[in-house]
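Biologist: Please show me the model, and then let us go through some of its local features.

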Amino acid sequence: MNKPLRRIAIFCGLLMLSLLLRDNWLQYVSADELRTHEKNRRVLIERYAQKRGDIIVGEKPITGSAPTTGSDFAYKRTYKNGEMWSPVTGFASQAFGATQIESLEDEILTGHDDRLFFRRTLDMITGKKQGGGNVVTTLNARAQKAAFEGLGKKKGAVAAIDPSTGAILALASTPSYDPSVFAGNSADDSKAWQRLEQDPDKPMLNRALRETYPPGSTFKVVTAAAALEHGLYDDPDEKTDSPLPWTLPNTNTELVNEGPIPCRNATLREALRVSCNTVFGKIGSDLGKDKMRETAEKFGFNEEQFVPVRSSASVFPKEMDRPQTALSSIGQFETAATPLQMAMVASAVANDGTLMEPYMIDNLQAPNLDVIEKHDPKKMSEPLSKANAQKLQDMMETVVEQGTGTNAQIPNVTVGGKTGTAQHGVDNSEKPYAWFISYAKNPDGGSPVAVAVVVEDSDADRGDISGGGLAAPIAKNVMKAVIDSKK
C-alpha cells in the first residue's frame with residue numbers, strides 16, 4: 001500500500017473509532033441524562049401517559065387526573081380547593097413544569113421510582129395499566145381551612161407545627177392561585193400563567209416558606225430564651241436592670257417603647273406581657289451579638305430548612321455593633337424570619353426546649369397503597385433547657401391570659417403566645433406587619449400545635465397590640481381546629 005492510501009486508511013479508522021466512542025458514550029454514559037432531560041418531549045409524554053398518583057391529606061386526595069383531548073398528553077393534573085392547598089402541593093403543568101411536592105416526588109407520583117420496579121414489572125405481565133404512587137402528607141385539613149379562611153383577602157401566611165414531632169399541620173399563603181388553571185398546555189393555560197406571573201400581589205409566592213419578614217416583637221421570645229440560657233436572668237419574676245429611658249450604646253438615641261407601659265426595671269414576665277423594647281433591647285446588648293446569634297441559630301436561624309420543600313433561611317445578622325445588636329434583639333434592624341421559622345420558635349418552647357425538624361410528608365405509597373417509605377421524626381436541636389423552656393412557657397401564657405395576646409384565648413385550653421408589629425419601609429413609612437406566634441396545651445401538658453401568623457397589608461396601628469388584634473384570632477382558630485380534630 002502506498003503512503004497516501006495508508007494515511008487515508010488510518011484517518012478513516014480514526015473516524016470509525018471516534019464514532020464508536022461517541023455512540024457508546026451516548027448509549028451508556030449519557031443515556032440517563034438524555035432520557036430524563038426536561039427538553040426531551042418523550043419524557044413529558046410518558047409523565048402524562050397515565051393517571052398521576054395523588055397527594056393525600058387526612059386519607060383524602062387533594063389532587064386528581066383528568067383525560068385530555070387534542071394533545072399527545074393523555075392526562076392532566078387537577079386540584080381540589082387548589083387555592084387553599086397550592087402552598088403545599090405546588091403545581092404540575094404540562095407546559096410549565098412542576099414545583100414543590102409535585103416536583104420533588106415526581107418519580108413516585110408518575111410511578112417511575114426505582115422502588116416501584118417490581119410493581120411496574122408485575123403490571124406489565126398482568127396487563128394492568130400502570131399508575132402512580134401517592135404522597136401522604138402530615139397536613140390537617142381543618143387547620144388548613146381555618147388558616148386559609150382566616151387570612152381571607154389579606155396578604156399573609158400561616159404555618160402550624162406539631163411540636164412533639166415537627167409535623168407541619170397547616171401551611172397557608174394568601175393571595176393564592178389555583179394550579180388547575182394552567183395544568184394543561186393550551187392557549188388558555190398560557191394566558192392564565194401570564195396573568196399570575198404579572199400579578200403585582202405575587203399569588204404564586206409561597207409566603208409561609210419563601211418570604212422573610214421582620215419578626216418584630218415575636219423575636220423577644222428568642223431574646224428571653226437567650227437571657228435564661230446564658231444566665232443573664234434566672235427568675236422570670238426577678239427585676240431586670242432596665243432603666244427608662246434607655247439610650248442605645250455608643251449613641252445619643254433613646255430606644256422607645258410603644259406608649260407609657262411599665263418597663264422600668266420590669267421583670268421578664270412583665271416585659272414580655274406588655275412587650276418592652278427597652279428591656280429586650282438592653283438584654284440583647286448586654287448578652288452581645290455572639291450569644292444572641294448562638295441562641296437564634298439553635299432555633300433554626302441562618303439556615304435553610306427542607307420540609308422537603310425548601311424554606312428560605314431566616315436571618316439573624318452576624319456582623320453588628322452594640323446598637324444594632326439591641327435592635328436585632330427586638331426583631332428589627334436586619335433580623336428577618338419566615339412564618340415557618342417563627343412557628344419553629346413557638347414549637348421548641350412548647351416542646352420543653354427541644355426543636356424537632358419540620359416536615360410535611362408522612363409516607364410514600366405504592367399504587368396498591370403499600371408504604372414504601374415512612375418519615376421518622378428527628379430532633380433538630382435544643383435551644384433551651386427543659387427548666388428554662390417551662391419558665392418561658394409560663395411567661396408566654398401570661399401574655400395570653402392578661403397581656404397583648406388575649407384574643408388567642410381558647411376556653412379550657414392553656415395557650416401561650418407573643419404578639420408583634422414589625423415596622424418596615426424607609427423611615428417606617430409602610431404599613432406594619434402584624435404577627436402572632438403561639439402554642440396550645442392539653443390538660444395533660446402535651447402541646448398538639450404551635451402556630452405563626454403574619455398579616456402583611458393590614459390596617460394595623462403601630463402599637464404592639466395590632467398583632468393581637470389581627471393575627472391572634474387566626475392563630476386561635478387554627479389551634480382550635482387541631483384540638484377539635486383530635487377529639
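The questions and answers below cover a sheet, its helices, some burial values and a surface patch.

Modeller: This is a predicted model, in which local features need pLDDT of at least 70 and side-chain atom pairs count only at pLDDT 80 or more, while totals for chains, interfaces and linings use all residues. Residues are numbered from 1 along each chain as its sequence is written, and side-chain values use heavy atoms, with hydrogens and water left out.

Biologist: Which strands are the edge strands of the open sheet of five strands?

Modeller: Helices (H or I, at least four residues) and strands (E, at least two) are DSSP runs, numbered from the N terminus. Two strands pair if DSSP finds at least two bridges between them. The order is E9-E8-E20-E19-E18, with antiparallel pairing. Pairing on one side only marks the edge strands, E9 (168-174) and E18 (414-422).

Biologist: Which residue in E9 stands opposite Ala157?

Modeller: Strand E8 covers residues 156-161 and runs antiparallel to E9, joined to it by six bridges. Opposite Ala157 stands Ser173.

Biologist: At about what angle to E20 does helix H16 run?

Modeller: Axes are lines fitted to C-alpha atoms, for helices over the stretch in contact (heavy atoms within 4.5 Å), and angles run from 0 to 180 degrees between N-to-C directions. H16 (residues 339-350) lies across E8, E9, E19 (433-441) and E20. Its angle to E20 is about 150 degrees.

Biologist: Is Thr398 buried or exposed?

Modeller: Thr398 is found in helix H17 (residues 386-402). Leaving aside neighbours within four places in sequence, Thr398 is in contact with Arg269, Arg273 and Gly403. Buried means under 20% relative accessible area, exposed over 50%, and partly exposed in between, with a 1.4 Å probe and protein chains only. Because its relative accessibility is 7%, Thr398 counts as buried.

Biologist: Why is helix H11 largely enclosed by the rest of the structure?

Modeller: H11 spans residues 220-229. Among its buried residues are Lys220, Val222 and Leu228. H11 is largely enclosed because nine of its ten residues are buried.

Biologist: What is the approximate area of the nonpolar surface patch that includes Leu17?

Modeller: Nonpolar patches join side chains of Val, Leu, Ile, Met, Phe, Trp and Tyr within 5 Å, using residues with over 30% relative accessible area and no salt bridge (a side-chain nitrogen of Lys or Arg within 4 Å of a carboxyl oxygen of Asp or Glu). Leu17 lies in helix H1 (residues 3-29) and, at 46% relative accessibility, counts as partly exposed. Accessible areas come from the Shrake-Rupley method with a 1.4 Å probe. Ile10, Leu14, Leu17 and Leu21 make a patch of about 410 Å².

Methods
Patch = residues over 30% accessible without salt bridge, like charges linked within 9 Å, V, L, I, M, F, W, Y side chains within 5 Å.
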